[in-house]
Amino acid sequence: MSGTALWATVVAGSLGCYLLKLAGLSVPAAWVEQPWVARVVDFVPAALLAALVAVQALSSGNDLVVDGRLVGLAVAALALAFRAPFIVVLVLAGAAGALVHLVAG
Amino acid sequence: MLRDALGLGLAVGLYGAAFGAAADAAGLNTWQAMTMSLLMFTGASQFALVGVLGAGGSALAAVGSALLLGTRNTVYGVRLVPLLRPRGVLRWVATAHWVIDETTALAIAAPDRKLSRLAFLVGGASIFLMWNLTTVIGALGAAALSGAALAALDAVVPAAFLALLWPRLRKGFPEAAIQRRVAVGGAVVALALTPFVPAGVQVIAAVVAVVLAGRPRTREATA
């Protein structure tokens with residue numbers, strides 16, 4: 001993606017997210033406080049974040065790839081299960097990824 | 001309260017650095033990462049946008065994911081209006097920029113309206129400063145990496161997303177069992193679509209599929 005396209009993406013995304021914030025302060029509460037809106041808003045983050053985790057860890061373009069990222073993710077999941085702090089999770093995942101890179105590649 | 005604020009500051013700082021690094025890994029330059037933290041200023045959406053770009057996704061898919069996560073802030077705004085009652089166009093426009101997960105939690109937890117406003121304003125300002133400062137550090141730090149360190153960064157990015165997701169799946173989060181099913185559904189649909197659709201589109205398709213699958217249950221809940 002060109003620099004200009006990246007800038008357009010950054011600015012459009014920022015503007016859109018700001019307008020969503022502003023909308024909350026502006027629209028009648030009844031519009032947003034409908035049960036189905038609340039349901040969607042409650043569950044969209046889990047679906048989106050999980051989809052991103054899967055795609056980030058296992059895809060490369062249109063291919064599914066198993067490499068150090070998946071090992072890092074498994075280590076991160078284990079660390080999170082043991083309630084490790086965020087920084088520890090990231091360091092362990094990074095170390096696992098780097099190790100796989102050195103051993104495999 | 002001070003210990004809570006310090007803890008929050010540290011957490012925001014770490015996520016800010018992780019965002020800066022993820023933005024660099026996705027091909028954004030430092031200025032673009034900084035612009036996002038200054039203007040978008042909502043962590044999950046920022047991660048989503050660079051996450052989709054990093055997976056080779058289109059601008060449209062990237063912006064779409066950011067907006068999907070940004071809808072949370074709309075709901076927060078509705079909850080905050082009675083507490084903050086922003087008067088005048090300038091305050092209304094400025095207040096909107098501060099509406100995120102953390103400031104909403106601070107404002108709602110405060111014991112009265114005056115403290116609520118203070119927590120929102122001061123909390124928002126310190127989070128904003130910390131977030132922007134650490135974004136620069138993360139972006140510059142990641143830009144200096146190569147070789148095995150770059151492979152480490154590749155593994156850190158999905159781990160950071162997993163850490164964002166994890167609290168929603170844990171016992172004690174409202175409806176954690178459904179959150180888990182939604183998460184598994186989202187991941188499975190996204191992976192299944194990966195070979196067949198342009199990169200990034202599978203992420204949005206996964207969300208749409210999960211929301212549609214949840215519809216009948218939603219109707220029962222509302223009936």
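What follows is a conversation about a predicted model and the two chains in it, A and B.

Colleague: What makes chain B an all-helix chain in your description, and how many helices and strands does chain B have?

Modeller: Chain B has eleven helices and zero strands, and its pattern along the sequence accordingly reads α-α-α-α-α-α-α-α-α-α-α.

Colleague: Why is the radius of gyration of chain B said to agree with that of a compact globule?

Modeller: The rule, 2.2 Å times the number of residues to the power 0.38, puts a compact globule of 223 residues near 17 Å, and chain B has 19 Å, which agrees. Along the principal axes, the C-alpha atoms of chain B fill a box of roughly 55 × 55 × 35 Å.

Colleague: What does it take for a residue to be called buried, and what percentage of chain B counts as such?

Modeller: A residue is buried if 20 or more other C-beta atoms lie within 10 Å of its own, and by that test 51% of the 223 residues of chain B count as buried.

Colleague: How do you know that the two chains touch, and how many residues does each give to the contact?

Modeller: Two residues are in contact if their C-beta atoms lie within 7 Å, and the contact takes 65 residues from chain A and 84 residues from chain B. On the side of chain A that touches chain B, H3(A) gives the most, with 21 residues, and by class that side has 47 nonpolar, 14 polar and four charged residues.

Note on methods:
Residues numbered from 1 in each chain as written. Chains lettered and ligands numbered in written order. Predicted model: local features only at pLDDT ≥ 70, side-chain atom pairs only at ≥ 80, totals over all residues. Helix = DSSP H or I, 4+ residues; strand = E, 2+ residues; numbered from the N terminus. Nonpolar A, V, L, I, M, F, W, Y, C, P; charged D, E, K, R; others polar. Buried ≥ 20, exposed ≤ 12 C-beta atoms within 10 Å, placed from the backbone.
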